[in-house]
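Work through these short exercises with the structure open beside you. Try each task before reading its solution.

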Amino acid sequence: MNASSSAPSSMPLERDLNGQEESGENLSAADLGSAKVLVGVCTFNEVANIVTVVERIRSALPGADILVVDDNSPDGTANVVRQRFSNLNSVQVEVRENERGLGSAILRAVNHAIEGDYDFFINLDADLSHDPTDLPSMLGLSISSPEVDVVIGSRYVSGGQIIGWPWQRRLMSRMVNRFATLCLRLPVRDCSGSMRCYRVAALKQIDQSRLRSEGYSLLEELLVEFNRDNAVMKELPITFTDREEGESKLTMTEAFRSIGQMVRLSFSCLVKTRQTQKYR
Ligand SMILES: Nc1nc2c(ncn2[C@@H]2O[C@H](COP(=O)(O)OP(=O)(O)OP(=O)(O)O)[C@@H](O)[C@H]2O)c(=O)[nH]1
Ligand SMILES: [Mg+2]
């Protein structure tokens with residue numbers, strides 16, 4: 001695909017472009033150059049985490065805007081953000097009154113990035129499982145590699161790890177990712193993680209009318225669409241730490257719904273491969 005946007009020429013970070021090392025430095029507003037960056041954080045009942053995560057994102061990427069997409073959380077997550085960051089234009093909250101679902105919430109933030117003419121859209125969870133100090137190296141790699149359409153914070157490449165999950169959760173995640181790699185033919189190891197830095201020009205190319213997932217499976221579905229468009233995907237190792245505060249929203253019902261969506265997606269990938277072979 002590679003619909004690249006402007007890349008500032010001088011970046012102060014020392015990076016290994018294979019992503020094996022990080023500088024640990026933060027990208028200041030000046031370092032972002034002309035790049036306009038939106039960080040999306042989707043929330044449902046994250047009152048215990050949201051202020052900390054927004055503050056850590058701000059300190060990691062001071063030049064970025066932050067959008068919290070909250071599904072009218074009964075615990076008052078949205079109000080807490082509004083009150084705590086009321087003096088900052090760079091922190092916005094969008095409350096979806098009658099919608100639920102991580103996938104559709106992420107898409108809302110994606111569309112905000114497209115409509116706002118941002119260059120990069122970064123997504124991460126609100127529960128501090130994703131460490132905001134990883135953001136500068138993910139964004140740095142995106143900015144310095146115009147050919148890369150999405151940088152994926154990956155638990156499953158060398159250097160990546162998961163802390164705090166029981167073996168059942170690890171097994172389930174491994175199986176889901178193995179399925180996605182094999183059956184959805186995705187050329188990455190971590191297909192289900194949400195911590196990603198997308199080039200907005202590449203997101204614009206996606207035909208959103210094709211997307212069916214409202215929940216967690218949107219993460220795999222976006223990669224399937226990217227792959228269909230021959231997008232370039234790159235993985236950077238991250239450490240994922242199990243949440244300490246608040247409760248998981250990944251219910252068994254949502255897990256089965258997402259697996260069902262992935263099976264549907266795998267059929268459409270199979271049909272596409274057959275058609276390609278037939279007309280080759
Ligand atoms: N807006 C919105 N956000 C959601 C919804 N479901 C989950 N989220 C958010 O998506 C992120 C990931 O959800 P988690 O519950 O942490 O799911 P998980 O990381 O797979 O599971 P655990 O870490 O074990 O809890 C968190 O920031 C949630 O608040 C939803 O329906 N709407
Ligand atoms: Mg989580």
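**Exercise 1.** In this predicted model, find which residues Phe121 touches, not counting residues up to four places away in sequence.

*Solution.* Start at Phe121 and leave out the residues up to four places away in sequence. Then list what remains: Leu38, Gly40, Ala109, Val110, Ala113, Tyr198, Val200 and Leu203. Next, look at the largest nonpolar core, which has 69 residues. Phe121 and Ile122 have the most contacts inside this core. Helix 3 (residues 102-115) gives the core its largest share, seven residues.

**Exercise 2.** Decide whether strand 4 (residues 120-125) is largely enclosed or not, and say why.

*Solution.* Take one face: Phe120, Ile122 and Leu124 point one way. Take the other: Phe121, Asn123 and Asp125 point the opposite way. In a regular strand, side chains alternate between the two faces of the sheet. Now check burial. Six of the six residues are buried, so strand 4 is largely enclosed by the rest of the structure.

**Exercise 3.** Identify the strands that pair with strand 4, and the sense of each pairing.

*Solution.* Strand 1 (residues 37-43) pairs with strand 4 in the parallel sense, over six bridges. Here Cys42 has Asp125 as its bridge partner. Strand 7 (residues 196-199) pairs with strand 4 in the antiparallel sense, over four bridges. There, Phe120 stands opposite Arg199.

**Exercise 4.** Describe the residues around ligand 1.

*Solution.* Count them: there are 19. Cys42, Ala105, Ala126, Ser248 and Lys249 come nearest. Sort the shell by type: seven nonpolar, four polar and eight charged. Finally, trace sources: strand 1, strand 2 (65-70) and helix 3 each supply at least two residues.

Notes:
Residues are numbered from 1 along each chain as its sequence is written. Chains are lettered from A and ligands numbered from 1 in the order in which they are written. This is a predicted model: local features need pLDDT of at least 70, side-chain atom pairs count only at pLDDT 80 or more; totals for chains, interfaces and linings use all residues. A residue is buried if 20 or more other C-beta atoms lie within 10 Å of its own, exposed if 12 or fewer, and partly exposed in between; C-beta atoms are placed from the backbone. Two strands pair if DSSP finds at least two bridges between them. A nonpolar core is a set of buried Ala, Val, Leu, Ile, Met, Phe, Trp, Tyr and Cys residues joined through C-beta atoms within 7 Å. Two residues are in contact if their C-beta atoms, placed from the backbone, lie within 7 Å. A residue is near a molecule or strand if its C-beta atom, placed from the backbone, lies within 6 Å of it. Ala, Val, Leu, Ile, Met, Phe, Trp, Tyr, Cys and Pro count as nonpolar, Asp, Glu, Lys and Arg as charged, and the others, Gly among them, as polar.
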